[in-house]
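Student: Could we go through this model together? I should like to begin with the fold and then turn to individual residues.

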Amino acid sequence: MNSTRRGILGLIGGGAVWAAMPAHALNGNQAVALVSATVEEGLATVNSGRPAAQLYPAFERIFPRRADIDAMARAALGPTARQLGAQEFAAFRQAMSGYVSRKYGKRFQEFLGARIEIGAARQLKSFWTVDSTAYLRGQTPTKVEWHVSDRSGQARFFNLIIEGVNMLASEREEIGAMLARRRGDVRGLIADLQRAG
C-alpha cells in the first residue's frame with residue numbers, strides 16, 4: 001500500500017483485535033455522523049491553504065476529539081500496557097497521539113481537493129463499521145472502513161481498515177519494534193515517539 005493510502009489515517013489524527021466490550025447506546029446514524037464530521041473537519045483543514053507547519057498542530061487538535069486514543073494506545077502497546085502505572089501510561093498515550101498526528105500530517109497535502117464519500121454503517125458485535133471511499137487526484141478510489149465505538153463514553157473511531165490493511169495492527173507492529181529496540185524501556189519509547197513522526 002502506498003504512502004497516500006496510509007496517510008488517510010491523518011484524517012483523524014492504524015493483527016490488533018478489538019477486545020469485547022459492553023454494548024452502549026451507539027447506533028448506526030451516530031457512527032456515520034462521527035465519521036462524516038471527522039472527514040469534513042479533516043478536509044477543511046487540508047484545504048485551508050495553511051502551510052504544513054500549521055497543519056500538524058491543527059490535526060493534533062482534531063485527533064483527540066474524534067479518536068479513542070486510550071483504546072488505540074493500549075492496542076498499539078499490547079500486553080505491556082497492562083504493566084504500566086496510570087502516570088506512565090498517560091505519558092505514552094500523549095506521546096502516541098502526537099506521534100501519529102505528526103507522522104500522517106506530513107502527507108496531508110496529498111488530500112488537497114480530495115473527495116470522500118461516506119457509506120452505510122453496519123454493526124459488528126460490540127462496535128460499528130462505516131464504509132467510505134476516498135477519491136484522490138490521479139489515483140484509483142481507496143476503500144476505507146472506520147471502526148467506531150462509544151466505549152469511551154462518546155462516539156469515537158478506534159481503527160481504520162484501508163484497502164484491507166489494518167492500520168491499528170500496523171501501528172502496533174511499528175511501536176512494538178521501537179519498544180524492542182529500547183529493550184522494553186517504555187520511557188525510552190516515549191522519548192522516541194516525542195521525537196519521531
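Tutor: The discussion below moves from the overall fold to the sheet, the helices and a few polar side chains. Please keep in mind that this is a predicted model.

Student: How many helices and strands does the chain have?

Tutor: There are 7 helices and 5 strands. Along the sequence, they follow the pattern α-α-α-α-α-β-β-β-β-β-α-α.

Student: And what percentage of the chain do buried residues make up?

Tutor: Of the 197 residues in the chain, 49% are buried.

Student: On to the sheet. In what order do the strands come, and is it open or closed?

Tutor: The sheet is open, with the 5 strands in the order S1-S2-S3-S4-S5 and antiparallel pairing. Strand S1 (115–124) and strand S5 (165–166) are at the edges with a single partner strand each, so one side of each has no neighbour in the sheet.

Student: What about S3: how many of its residues are buried?

Tutor: Strand S3 covers residues 142–149, and 7 of its 8 residues are buried, so the rest of the structure largely encloses it.

Student: How many bridges join S3 to S2?

Tutor: Strand S2 (residues 127–135) is joined to S3 by 7 bridges, and the two run antiparallel. Val-130 stands opposite Trp-146 of S3, and Asp-131 stands opposite Glu-145 of S3. The two strands form a hairpin with 6 residues between them, and Gly-138 in the turn has a positive phi of about 70°.

Student: Which facing pair can you name on the S4 side?

Tutor: Ser-149 stands opposite Arg-156 in S4. Strand S4 (residues 156–162) runs antiparallel to S3 and is joined to it by 6 bridges. This hairpin also has 6 residues between the strands, and here Gly-153 has a positive phi near 110°.

Student: Asp-150 caught my eye. Where is it found?

Tutor: Asp-150 is in the loop between S3 and S4. Asp-150 is buried and has no salt bridge. The nearest side chain of opposite charge is that of Arg-151, 8.9 Å away.

Student: Which backbone nitrogen does the side chain of Asp-150 reach?

Tutor: The Asp-150 side chain reaches the backbone nitrogen of Ala-25 at 3.4 Å.

Student: Where does Asp-68 lie, and is it buried or exposed?

Tutor: Asp-68 lies in the loop between helix H3 (52–66) and H4. Asp-68 is buried and lacks a salt bridge, and its nearest side chain of opposite charge, Arg-151, is 6.1 Å away. A polar atom of the Asp-68 side chain lies 3.2 Å from the backbone nitrogen of Ala-71.

Student: How many residues of H4 are buried?

Tutor: Helix H4 (residues 69–77) is mostly covered, with 7 of its 9 residues buried. Among them are Ile-69, Met-72 and Leu-77. Just after H4, Gly-78 has a positive phi of about 75°.

Student: Changing topic: how far does H2 reach from its first C-alpha to its last?

Tutor: Helix H2 (residues 28–46) has 19 residues and reaches 27 Å between those atoms, close to the 27 Å expected at 1.5 Å a residue.

Student: Which residues of H2 are buried?

Tutor: The buried residues of H2 are Gly-28, Ala-31, Leu-34, Val-35, Thr-38, Val-39, Gly-42, Leu-43, Thr-45 and Val-46. Viewed down the axis of H2, these buried residues fall within an arc of 160°, so they line one face of the helix. The face turned away from that buried side carries the exposed residues Asn-29 and Glu-40.

Student: Last one, Asn-159. Why does it count as buried?

Tutor: Asn-159 counts as buried because its relative accessibility is 4%, and the cut-off for buried is under 20%. Asn-159 is found in strand S4.

Student: Which side chain does Asn-159 join through a polar contact?

Tutor: The side chains of Asn-159 and Asn-166 are joined by a polar contact of 3.1 Å. The Asn-159 side chain also reaches the backbone nitrogen of Leu-168 at 2.9 Å. As for the backbone, the C-alpha atoms of Asn-159 and Ala-169 are 8.9 Å apart, with the two residues 10 apart along the chain.

Conventions: Residues numbered from 1 in each chain as written. Predicted model: local features only at pLDDT ≥ 70, side-chain atom pairs only at ≥ 80, totals over all residues. Heavy atoms only, no water. Buried < 20%, exposed > 50% of the residue type's maximum accessible area, 1.4 Å probe, protein only. Helix = DSSP H or I, 4+ residues; strand = E, 2+ residues; numbered from the N terminus. Pairing = 2+ DSSP bridges. Lys, Arg positive; Asp, Glu negative; His and termini not counted. Salt bridge = Lys/Arg side-chain N within 4 Å of Asp/Glu carboxyl O. Polar contact = N/O pair within 3.5 Å; in protein donor to acceptor, adjacent residues only side chain to side chain. Expected span 1.5 Å × (residues − 1). Arc of directions from axis to C-beta.
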